[in-house]
Amino acid sequence: SAAAMRRVQDFRPQDLGNTAWAFATLSLRDQPFFDSISAAAIHLINPDPSTTPQNLTNIAWSFATLMLKDSTLFDAIAQKAMSSIR
């Protein structure tokens with residue numbers, strides 16, 4: 001996770017979702033790594049048009065599966081979801 005954490009700011013939305021999903025699937029609960037995923041995702045959620053519902057779902061599922069709470073991230077995901085259905 002250390003190598004990925006150093007590069008997470010360069011990840012695209014799909015990279016964030018896939019990486020979070022992979023860690024959660026393997027039950028790798030690395031709080032500092034997921035903090036970096038959260039920060040990068042929050043930064044990308046609104047301005048990046050390549051952010052898809054699947055990316056957001058993978059990130060949310062990963063946090064939920066590992067029982068990681070991040071209300072700022074969940075709020076950002078919810079806002080993005082709401083804006084896409086209005």
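# Notebook: helix packing around α4

I started with α2. At 1.5 Å a residue, its 13 residues should span 18 Å, and I find its end C-alpha atoms 18 Å apart, so the two agree. A reminder to myself: this is a predicted model.

**Entry 1: the inside of α2**

I listed the buried residues of α2 and got Pro13, Leu16, Gly17, Thr19, Ala20, Phe23 and Ala24. Next I looked for what they pack against, and the partners are α3 and α4.

**Entry 2: α2 on α4**

I took the α2 and α4 pair next. Their axes are 8 Å apart and the packing angle is about 30°. An angle under 35 degrees counts as roughly parallel, so α2 is roughly parallel to α4. I also noted the hand: α2 passes α4 in a left-handed crossing.

Which residues meet here? On the α2 side I wrote down Pro13, Gln14, Leu16, Gly17, Asn18, Ala20, Trp21, Ala24 and Thr25. On the α4 side I have Asn55, Asn58, Ile59, Trp61, Ser62 and Thr65.

**Entry 3: two α4 residues up close**

I picked serine 62, which sits in helix α4 (residues 53-65). Is serine 62 buried or exposed? Its relative accessible area is 0%, so serine 62 is buried. I then checked where its side chain goes, and it reaches the backbone oxygen of alanine 20 at 3.0 Å. Setting aside neighbours within four places in sequence, I find serine 62 in contact with Ala20, Trp21, Ala24 and Phe34.

My other pick was asparagine 55, also found in helix α4. Asparagine 55 has 6% relative accessibility; the cut-off for buried is under 20%, so asparagine 55 counts as buried. With neighbours within four places in sequence left out, its contacts are Pro13, Gln14, Gly17 and Ser50.

**Entry 4: α3 on α4**

I moved on to α3 and α4. Their axes come within 12 Å and cross at roughly 150°. That makes α3 roughly antiparallel to α4. The crossing of this pair is left-handed. From α3, I noted Phe34, Ile37, Ser38, Ala41 and Ile45 as making the contact. From α4, the contact residues are Leu56, Ile59, Ser62 and Phe63. Serine 62 turns up here again, and Phe34 is one of the contacts I had already written down for serine 62.

**Entry 5: α4 on α5**

How far apart are the axes of α4 and α5, and at what angle do the helices pack? I get axes 11 Å apart and an angle of about 150°. Since angles over 145 degrees count as roughly antiparallel, α4 is roughly antiparallel to α5. Here too I recorded a left-handed crossing, with α4 passing α5. The α4 residues in this contact are Leu56, Ile59, Ala60 and Phe63, and the α5 residues are Leu73, Phe74, Ile77 and Lys80.

I also looked at alanine 81, which has its place in helix α5. At 35% relative accessibility, alanine 81 counts as partly exposed. Its C-alpha atom is separated by 10.0 Å from that of threonine 57, with the two positions 24 residues apart along the chain counted as their separation.

**Entry 6: the loops**

I finished with the loops. Leucine 26 is in the loop between α2 (13-25) and α3 (31-45). Its relative accessible area is 60%, so leucine 26 is exposed. I checked it against phenylalanine 11: the two are 15 residues apart along the chain, and their C-alpha atoms are separated by 20 Å.

Serine 27 lies in the loop between α2 and α3 as well. What is its phi? Phi of serine 27 is near 60°, a positive value in a residue other than glycine. I note that serine 27 comes just after α2. With 56% relative accessibility, serine 27 counts as exposed.

Methionine 67 went on my list for its phi, which is near 55° and again positive in a residue other than glycine. Its place is in the loop between α4 and α5 (71-85). I read a relative accessible area of 68% for methionine 67, so methionine 67 is exposed.

Terms used
Residues are numbered from 1 along each chain as its sequence is written. This is a predicted model: local features need pLDDT of at least 70, side-chain atom pairs count only at pLDDT 80 or more; totals for chains, interfaces and linings use all residues. Side-chain values use heavy atoms; hydrogens and water are left out. Helices (H or I, at least four residues) and strands (E, at least two) are DSSP runs, numbered from the N terminus. Buried means under 20% relative accessible area, exposed over 50%, partly exposed in between (1.4 Å probe, protein chains only). A polar contact is a pair of N or O atoms within 3.5 Å; within protein, one must be able to donate a hydrogen and the other to accept it, and residues adjacent in sequence count only if both atoms are side-chain atoms. Contact means heavy atoms within 4.5 Å. The expected span of a helix is 1.5 Å times one less than its number of residues. Axes are lines fitted to C-alpha atoms, for helices over the stretch in contact, and angles run from 0 to 180 degrees between N-to-C directions. Angles under 35 degrees count as roughly parallel, over 145 as roughly antiparallel, 65 to 115 as roughly perpendicular and the rest as oblique. A crossing is left-handed if the near helix is turned anticlockwise from the far one by less than a right angle, and right-handed if clockwise.
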